[in-house]
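Dear colleague,

Please find the structure below. My notes on it follow, for your consideration.

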Amino acid sequence: MTLQTPEHDEAHSGALGSRLNWLRAAVLGANDGVVSTAGLVVGVAGATDSRSTLLTAGLAGLLAGSMSMAAGEYVSVSTQRDSEKAALALEKRELATEPQAELQELTELLEGKGLSRALAQEVAEQLTEHDALRAHAEVELGIDPDELTNPWHAAGASFLAFTVGALLPLLAIVLPAAGQRLWITVVAVLAALALCGWTSARLGTAPPGPAMLRNVTGGALAMAVTYVAGTLLGAVGA
Ligand SMILES: [Zn+2]
């Protein structure tokens, strides 16, 4: 078996890597918006032909979903940011109180990365002289002190991604005539899910076929289940 290592893999580790991560998160967020809103509106369409009911349900689902995604993202990124800040503060204290031990620590970490003792010592000394906190943050903690993720940005991105995804099934169910809306929505949703599956697989350099199949199957299942439930409830209620 050949190991999949595309030439651009090296570039993934820098700014491009974090941009790709954002892109992947955006595709996943949009995917969530498509699936959950499609399940919702197709379920309601099983129970009623009323366009205004469909619009109300779909819009409520869109807002609830996008706000819940944004809130979840805000909480998780804030927590991560807090722990990174705490680690940086501790590091700063240690650098102030025991600079020799910290220099020793940095030297050993660099040695562990494969440098010779003498070279590690020299590199550690120069890095410490230049910007000790940054050196410890990067080598010891693996974080860039200037690039801590902003929780508001993360929340806004999640909100936007989910909303864009949710708009597709919402418009597809509301705009067409009653007799056409169901199949148009199903086709549009499955096509969008195939595209999302393909894109996220390509971004992660995974084979796109299985990702598309899984994604389309999941969405089809969600719509089938809610449609049956909606139809049964509609029959009972009407
Ligand atoms: Zn340290």
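Which residues of α6 are buried? They are R181, T185, V186, V189, A192, L193, C196, G197, T199 and S200. A residue is called buried if 20 or more other C-beta atoms lie within 10 Å of its own, exposed if 12 or fewer, and partly exposed in between, with C-beta atoms placed from the backbone. Helices are DSSP runs (H or I, at least four residues), numbered from the N terminus.

Please note that this is a predicted model: local features need pLDDT of at least 70, side-chain atom pairs count only at pLDDT 80 or more, and totals for chains, interfaces and linings use all residues. Residues are numbered from 1 along each chain as its sequence is written.

Helix α6 covers residues 181-203. Its 23 residues should span 33 Å at 1.5 Å a residue (taken times one less than the number of residues), and the 32 Å between its end C-alpha atoms agrees with this.

After α6 comes T205, in the loop that leads to α7 (208-237). T205 is not a glycine, yet its phi is positive, about 50 degrees. T205 is partly exposed, because 13 other C-beta atoms lie within 10 Å.

The largest nonpolar core (buried Ala, Val, Leu, Ile, Met, Phe, Trp, Tyr and Cys residues joined through C-beta atoms within 7 Å) has 34 residues, of which A30, V34, A38, V41, V44 and V189 touch the most other members. At least two residues each come from α1 (15-47), α2 (51-97), α5 (151-174), α6 and α7. The largest share, twelve residues, is supplied by α1.

With kind regards
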